[in-house]
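Here are a few notes for you to go through with the model open on your screen. Take them one at a time and look for each item as you read.

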Protein chains: 2
Amino acid sequence: MSSSLDLWGDKWSLLIIRDLMYAKSCTYSDFLKSEEKIATNILASRLETLDETGIISKSEHPDSKSKVLYKLTQKGIDLLPVLMEIYLWGEKYFQLSEQHKAFLEEVKKDKEGFIKATRAKLLSSI
Amino acid sequence: MSSSLDLWGDKWSLLIIRDLMYAKSCTYSDFLKSEEKIATNILASRLETLDETGIISKSEHPDSKSKVLYKLTQKGIDLLPVLMEIYLWGEKYFQLSEQHKAFLEEVKKDKEGFIKATRAKLLSSI
DNA sequence: GAATATTACTTGCAAAATGCAAGTTGATTT
DNA sequence: AAATCAACTTGCATTTTGCAAGTAATATTC
């Protein structure tokens, strides 16, 4: 557990991973757009270590040479169950937006199924 | 997710919570005995914030006035599924001891059942 | 095609968090 | 009564974070 947390167990790494679960792929500036407002140097350092540890990978953007696409690897996609349990815990102990509530209601109807489907979708876009 | 991580999403907090999942209750010096070697000031500060946010609670030790017992609250016990998914991820990507491997094999046979039983055990000792 | 804007970063620096060693206080054992 | 134990606290050096500004390469606009 300690070793796992050393790889991705800090707030910013997990938020990066979360963004990638939603978006399938993000550019550097996409990450900067999320509401948590990560500092640019921290973002760069987290992307570097997540890449080094094989949780995300860098690839070329089809449209432009100056853009970089970040994606989850299988190792990163396998964190989906962890993220889902974090969400479900948060649902119990925080006031969520209607949007999030509706989403989690859907998930709870068939958690295994949701994870399997999302996992397949993410794996297909690697 | 960000709010959840603000409460318990750092390495030391999660290791404290893990110790309490195994042990049901720990004293300050019990935490110091775990292999990860947390510094005493960090331990004190984490115990304080986990107590403030209602994830653990302090109680009197039956044997001695000078000892303090720390336990998970329901809010803390509800993190069990998160911890289990962290373990299961780690199983896939790290070399574990035979002991841990055997434990996780057991868990995987009936994850829901294991969580339910462990949860009940922990709740009973609150 | 030169000027402007965008993208993905890097750098410098102040503030906060961490880690280590040592110290303190009250209860307990010898 | 003296020594030990349990739960911390304190001081300080090191590391990490966060903010603002800068840079270099590509892309777009005039």
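The points below go from chain A as a whole to its neighbours, and end with one helix of chain B.

1. First, a reminder: this is a predicted model. Keep that in mind while you read the numbers.

2. Let's start with the make-up of chain A. It has 8 helices and 3 strands. If you walk along the sequence, they come in the order α-α-β-α-α-β-β-α-α-α-α.

3. Now the overall dimensions. The C-alpha trace of chain A spans about 40 × 30 × 30 Å along its principal axes. Does that go with a compact globule or against one? For 126 residues, a compact globule would have a radius of gyration near 14 Å, and chain A comes out at 15 Å, so the two agree.

4. What about the inside of chain A? Of its 126 residues, 26% count as buried. Take the contacts in chain A with a separation of 6 or more: 54% of them link residues that are 24 or more positions apart.

5. Which residues have the most contacts inside the largest nonpolar core? They are A:Ile16 and B:Ile16, and the core they sit in has 50 residues. Try clicking on A:Ile16: leaving out residues up to four places away in sequence, it touches A:Phe31, A:Arg46, A:Leu47 and A:Leu50.

6. Next, look at where the two protein chains meet. On chain A, 25 residues are in contact with 25 residues of chain B. Helix 1 (2–8), helix 2 (11–23) and helix 6 (80–93) of chain A each give two or more residues to this side. Helix 6 of chain A has the largest share, with 9 residues. By type, the chain A side splits into 12 nonpolar, 5 polar and 8 charged residues.

7. Then there's the DNA. There are 17 residues around DNA strand C, and those that come nearest are A:Thr27, A:Tyr28, A:Ser29, B:Lys65 and B:Ser66. Helix 3 (28–33) and helix 4 (40–52) of chain A, along with helix 4 (40–52) of chain B, each supply at least two residues of the surface near this strand. How does that surface divide into nonpolar, polar and charged residues? The split is 5 nonpolar, 9 polar and 3 charged.

8. Last, have a look at helix 8 (residues 111–124) of chain B. At 1.5 Å a residue, its 14 residues should span 20 Å, and the C-alpha atoms at its ends are 20 Å apart, so the expected span and the model agree. Helix 8 of chain B is also hardly covered: of its 14 residues, the number that are buried is 1.

Terms used: Residues are numbered from 1 along each chain as its sequence is written. Chains are lettered from A and ligands numbered from 1 in the order in which they are written. This is a predicted model: local features need pLDDT of at least 70, side-chain atom pairs count only at pLDDT 80 or more; totals for chains, interfaces and linings use all residues. Helices (H or I, at least four residues) and strands (E, at least two) are DSSP runs, numbered from the N terminus. The expected span of a helix is 1.5 Å times one less than its number of residues. A residue is buried if 20 or more other C-beta atoms lie within 10 Å of its own, exposed if 12 or fewer, and partly exposed in between; C-beta atoms are placed from the backbone. A nonpolar core is a set of buried Ala, Val, Leu, Ile, Met, Phe, Trp, Tyr and Cys residues joined through C-beta atoms within 7 Å. Two residues are in contact if their C-beta atoms, placed from the backbone, lie within 7 Å. A residue is near a molecule or strand if its C-beta atom, placed from the backbone, lies within 6 Å of it. Ala, Val, Leu, Ile, Met, Phe, Trp, Tyr, Cys and Pro count as nonpolar, Asp, Glu, Lys and Arg as charged, and the others, Gly among them, as polar. The radius of gyration is taken over C-alpha atoms; the globule rule is 2.2 Å times the number of residues to the power 0.38.
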